[in-house]
Amino acid sequence: VRAVELFPGTIVDNVRLGRDHLTLDDVTAALDQVGLTEELLELPDGLNTMLQPHGRPLSYRQAYRLMIARAVVGRPRLLVLDGALDQ
């Protein structure tokens, strides 16, 4: 995890990042781990909210936590956070 790199698509799509074997429960568990689930469910389309470049309509902080959720959803054995906690 180095910087916010989101693509146009839903929140779920951005967490899965093409790993279609990941279930909605997997995605929700990862979002729970980063404390983001409740905030995202408050959006009008919830986890189906379409994201624009740079993560809009999410704040920078939310977009960054979404990137961390993307990293942990696959249950990596090792996770390198390059400056992720500096802010």
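In this predicted model, R75 has a relative accessibility of 60% and therefore counts as exposed, the threshold being over 50%. Its salt-bridge partner is D26, with N and O 3.4 Å apart between the two side chains. The pair joins distant parts of the chain, since D26 belongs to helix α2 whereas R75 sits in the segment after α4, 49 residues away. D26 itself has a relative accessibility of 16% and so counts as buried. The bridge thus brings together an exposed arginine and a buried aspartate.

Two salt bridges are present in the structure. The other one involves E39 and R65, whose closest N and O atoms are 2.8 Å apart. Because E39 lies in helix α3 and R65 in helix α4, this pair ties together parts that are 26 residues apart in sequence. In terms of accessibility, R65 is buried at 15%, while E39 is partly exposed at 29%. Pairings of this kind have a simple background: side chains of opposite charge can pair when their charged atoms come close.

Helix α2 deserves a look of its own. Spanning residues 24-33, α2 has D26, V27, A30 and L31 as its buried residues. Viewed down the helix axis, these residues fall within an arc of 135°, so they line one face of α2. The pattern recalls a general property of helices: with 3.6 residues a turn, residues three or four places apart point the same way. As for what this face meets, the buried residues of α2 pack against α1 (11-16), α3 (37-41) and α4. Just after α2 comes G35, which adopts a positive phi of about 70°.

The nonpolar interior comes next. The largest nonpolar core comprises 24 residues, and the members that touch the most others are L6, I11, L31, L40 and L66. Helices α1, α2 and α4 each supply at least two residues of this core, and α4 gives the most, with seven. One of these well-connected members, L31, is also among the buried residues of α2. Another, I11, touches L40, L43, G46, L47, T49, L51 and L66, leaving aside residues up to four places away in sequence.

Helix α4 also carries some polar and aromatic detail. Q62 lies in this helix and is buried, with a relative accessible area of 16%, a value under the 20% limit. The Q62 side chain reaches the backbone nitrogen of S59 at 2.9 Å. Beyond residues up to four places away in sequence, Q62 touches L36 and E39. E39 is thus a contact of Q62 as well as the salt-bridge partner of R65.

The structure holds one aromatic pair. Its members, Y60 and Y64, are tilted relative to each other, with 40° between the planes and 5.9 Å from centre to centre. Both tyrosines lie in helix α4 (residues 60-72), four residues apart, or about one turn of the helix. Their surroundings can be told apart by accessibility: Y60 is partly exposed at 46%, whereas Y64 is buried, with a relative accessible area of 10%.

Note on methods: Residues numbered from 1 in each chain as written. Predicted model: local features only at pLDDT ≥ 70, side-chain atom pairs only at ≥ 80, totals over all residues. Heavy atoms only, no water. Phe/Tyr/Trp six-rings, centres within 6.5 Å; stacked < 30°, edge-to-face > 60°. Buried < 20%, exposed > 50% of the residue type's maximum accessible area, 1.4 Å probe, protein only. Arc of directions from axis to C-beta. Contact = heavy atoms within 4.5 Å. Polar contact = N/O pair within 3.5 Å; in protein donor to acceptor, adjacent residues only side chain to side chain. Core = buried A, V, L, I, M, F, W, Y, C linked by side-chain atoms within 4.5 Å. Salt bridge = Lys/Arg side-chain N within 4 Å of Asp/Glu carboxyl O.
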